[in-house]
Amino acid sequence: MTVTLPDAGSAAFQTLDAAALLAALPDPVAHLGADGQVTLNRAAQARVAQYSATGDWMALFQASSVPAIRDAVQAALRGETRQVTVQVVDTVAPGLLTVAPSAGGALLHLHVARDPLEVALELMDGLGLGMTVQAPDTRILLANDAAARILGLSRDQLMGRDSMDPEWRAVHPDGTDFPGETHPSVQALRTLQVQREVPMGVYHPQAQDWRWLQVTAIPRRAPGATQPKQVTTVFADVTEKQAMQTEMRRRERRYRSLVRATSQIVWDAFPDGDFQPPQAEWEAFTGQTPAQYRGVGWLDAVHPDDRAHTIAEWQRAVRDGDLYSTEHRLRRADGQYVPMQVRAVPVTDERGQLVEWVGTHSDLSAIREAEQALRALNAELEGRVQQRTEDLARVTRFSTLLLTAAGEGIFGLDARGVTTFANPAAARTLGYSIERMIGQPQHDLVHHHHEDGRPYSLAECPIHQTLRDGQTRRVERDVMWHAQGHAVPVAYVVTPTHDEHGQPSGAVVMVQDITERIRAQEQLQELIEDLERSNQDLEQFAYVASHDLQEPLRTVGSYTELLARRYQGQLDPRADQYLHFMQDAVDRMRSLIQDLLGFARLSRADLTLTPVALDTLLRGVQQNVRGTLDADGSSLTWDTPDQVMGQASLLTQLLTNLVSNGLKFHRPGEAAHVQVTSRREGDMIHVQVRDNGIGIAPEYHARIFEIFQRLHRRETYAGNGMGLAICRKITEHHGGRIWLDSTPDQGSTFHLTLPAVPS
Ligand code: ADP
């Protein structure tokens with residue numbers, strides 16, 4: 001439509017500053033100068049820039065409108081003003097273009113009335129809602145950006161598309177197909193009814209996933225027309241909301257099954273705390289009827305003793321809208337009370353308003369039983385632990401006592417040789433405090449050097465060898481170093497210790513200070529050496545003396561004999577007697593010296609031991625004492641089946657001495673009977689020489705074995721007191737022993753042991 005307007009030029013307009021007006025005008029305005037130059041106002045520049053990079057004004061119009069605009073411009077150049085209805089590129093509604101002559105050129109003013117639909121499209125965009133306008137044949141005429149985004153298609157792809165297009169892939173929430181002819185937009189067109197919030201899933205080609213939409217379709221009719229003109233469809237993307245709801249439903253299901261699995265009863269109550277039917281599980285458990293449990297009737301099923309605290313807690317929870325948690329015994333339908341844990345939570349709506357209470361009762365009897373069993377077990381365990389602790393304490397006390405009381409030093413080492421304990425004796429021996437020793441490497445502290453001052457390496461230390469190989473060691477002589485720097489001679493035993501798995505864990509060392517023992521040994525040794533020396537001197541003296549005495553005695557003897565032979569009977573009788581005394585004395589002196597010489601020689605003689613039969617020896621003895629035997633009716637008998645190791649000549653002398661003593665010291669007027677017996681005792685032969693003589697008082701039993709010891713005057717019993725001394729020497733030379741037992745006036749038994757012939 002083209003309208004030709006009357007010239008509006010008036011005096012008033014002539015005075016206005018048109019340039020300012022044009023610049024401020026929100027409508028696009030262009031001026032075509034006489035020289036063909038086009039000038040655009042600000043609104044026009046902004047609009048044109050969207051469609052033409054070069055700023056071509058004509059780009060604003062659809063091609064169909066171009067001829068009419070050209071005509072109008074021509075008219076303006078001729079001085080006519082015209083209004084042309086034009087189709088602008090970006091709007092549905094037509095625009096009104098006024099073209100007026102201006103300064104030899106033309107002024108073009110575009111006014112576009114905005115279609116309400118466009119406004120709506122924009123508005124929906126702003127709300128993030130998709131919106132389309134569809135023609136009666138369901139082709140899409142318009143779509144906003146939100147629609148394009150939600151559906152995953154560009155606006156161009158959407159334009160002209162048909163709801164029936166088989167490329168749409170739509171589904172119902174249950175996953176079944178949503179055919180095009182049933183889409184809300186199609187329905188709305190057909191029924192002229194608004195289709196509200198229809199849930200629909202559409203496949204999003206970019207996301208390659210389903211989008212959930214809530215679609216509302218509104219049919220538009222031209223006033224009075226029966227056929228719909230268009231349909232407007234608005235839809236929201238509820239995918240996230242949908243996912244959230246699905247998740248919430250899943251969680252709720254899970255939560256419910258969880259609650260059911262762990263509780264006996266699930267119940268609900270009004271916000272004010274009133275119990276309202278139906279409570280199916282409560283009824284089933286307690287056997288109460290709705291009339292009985294309604295309100296606070298449920299309290300009747302609670303054990304009388306538990307009612308007070310239950311109701312107090314319930315009232316508190318309801319008042320504070322806070323967690324309700326208690327325990328009580330609940331009566332089962334069969335009358336039995338069951339211990340229950342009770343919990344209820346207040347459920348609120350999205351505004352935070354309390355809408356109901358949901359509570360649970362959980363059976364505690366299994367837990368109670370388990371608790372009881374656990375308590376019993378605990379008590380038993382505690383008892384055992386106590387018992388064990390007491391045992392341990394006893395053992396510990398005992399071992400502590402032992403350690404403390406022990407005279408020997410005891411200390412414990414760990415596997416590295418560090419002292420872990422020490423008893424007072426150990427500390428005393430080495431001059432350290434117990435505290436000082438514990439935690440110290442024992443070797444470095446007290447065992448670092450040998451007695452001669454050489455460093456003591458760990459490799460040669462017996463204690464460390466035991467720590468390494470777990471073998472017990474005994475060391476008879478070593479030194480440990482006293483805190484004051486001197487060496488303490490010690491003997492010690494190292495015993496390995498083991499842990500509970502049998503692995504070597506250290507050692508216990510028992511140390512003995514052998515200072516005293518060594519001193520005593522040294523003294524003994526000195527004494528023995530002294531004794532041996534003096535014995536040797538004595539023997540030397542006895543030998544020399546007796547040997548040298550023999551010579552003058554021989555002279556005295558010879559001259560006495562000479563004197564006797566020549567003057568016997570020629571002098572007075574007293575002189576004869578004196579001569580006799582002299583001869584007697586010389587004889588005794590000779591025998592004494594010979595005995596003494598024999599005795600002295602004995603100790604220097606080397607023994608050659610051979611097996612000798614005692615019987616053989618005694619036959620020789622019998623021979624030796626035959627004179628005595630024949631003289632006074634005394635007797636010698638023997639029962640000696642054994643053989644001994646010895647030197648026959650000495651043993652004959654020994655036995656002769658004993659037998660002749662037995663014969664000699666007989667009781668006056670009574671014949672002597674001497675009996676010799678023998679028996680084997682281990683490695684030795686025990687020989688006994690028994691007589692029926694005068695006996696020997698106990699106090700002399702030791703003395704008579706010393707030289708020159710006699711108990712009688714020579715006039716009563718002859719002898720020089722050397723016999724038994726020689727007997728002892730011979731016996732001891734053979735490695736045997738001699739002793740006696742005797743009862744005075746009843747007889748004596750001399751015992752001696754001699755080595756048996758090794759079997
Ligand atoms: P002696 O030459 O005096 O016999 P001995 O050394 O043989 O010397 O004996 C020492 C002393 O022991 C004897 O003088 C005697 O008093 C006592 N004696 C030894 N044998 C007997 C015996 N069988 N019965 C009693 N007394 C004895």
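**Notes on the ligand site and a few other spots**

1. Let's start with what surrounds the ligand: its shell is made up of 8 nonpolar, 10 polar and 3 charged residues. Keep in mind as you look around that this is a predicted model.

2. Who gets nearest? Of the 21 residues around the ligand, the nearest are Asn661, Lys664, Asp691, Arg710 and Leu724. If you're opening the structure for the first time, these five names are a handy way in.

3. Now for some polar contacts. Asn661 puts a polar side-chain atom 2.8 Å from an oxygen atom of the ligand. For Lys664, an N or O atom of the side chain sits 2.9 Å from a ligand oxygen. Gly721 uses its backbone instead: a polar atom there is 3.0 Å from an oxygen atom of the ligand. As for cover, the ligand on its own has 520 Å² of accessible area, and the protein covers 98% of that.

4. Which elements give two or more residues to the shell around the ligand? They are helix H22 (648–664), helix H23 (723–733) and strand E28 (747–755). H22 provides the largest share, with 3 residues.

5. H22 deserves a closer look. This helix has 17 residues and runs 24 Å from its first C-alpha to its last, close to the 24 Å expected at 1.5 Å a residue. H22 is also mostly covered, as 12 of its 17 residues are buried. Asn661, one of the nearest residues to the ligand, is among the buried ones in H22. So are several leucines, including Leu650, Leu651, Leu654, Leu655, Leu658 and Leu663. The buried set in H22 also takes in Thr652, Thr656, Asn657, Val659 and Gly662.

6. Moving away from the ligand, the UniProt record (an unreviewed entry) lists the feature "domain: PAC" at residues 324–376 and 473–526. In the model, residues 324–376 are 23% helix and 57% strand, with end C-alpha atoms 32 Å apart. Residues 473–526 come out at 22% helix and 57% strand, and their end C-alpha atoms lie 31 Å apart.

7. One last residue to click on is Gln134, which is found in strand E7 (residues 130–134). Is Gln134 buried or exposed? Its relative accessible area is 3%, and buried means under 20%, so Gln134 counts as buried. A polar atom of the Gln134 side chain lies 3.0 Å from the backbone oxygen of Thr138.

Definitions and conventions:
Residues are numbered from 1 along each chain as its sequence is written. This is a predicted model: local features need pLDDT of at least 70, side-chain atom pairs count only at pLDDT 80 or more; totals for chains, interfaces and linings use all residues. Side-chain values use heavy atoms; hydrogens and water are left out. A residue is near a molecule or strand if one of its heavy atoms lies within 4 Å of it. A polar contact is a pair of N or O atoms within 3.5 Å; within protein, one must be able to donate a hydrogen and the other to accept it, and residues adjacent in sequence count only if both atoms are side-chain atoms. Accessible areas come from the Shrake-Rupley method with a 1.4 Å probe; for residues, only the protein chains shown count as cover. Helices (H or I, at least four residues) and strands (E, at least two) are DSSP runs, numbered from the N terminus. Ala, Val, Leu, Ile, Met, Phe, Trp, Tyr, Cys and Pro count as nonpolar, Asp, Glu, Lys and Arg as charged, and the others, Gly among them, as polar. The expected span of a helix is 1.5 Å times one less than its number of residues. Buried means under 20% relative accessible area, exposed over 50%, partly exposed in between (1.4 Å probe, protein chains only). UniProt positions are given in the numbering used here, feature names are shortened, and annotations may be inferred rather than shown by experiment.
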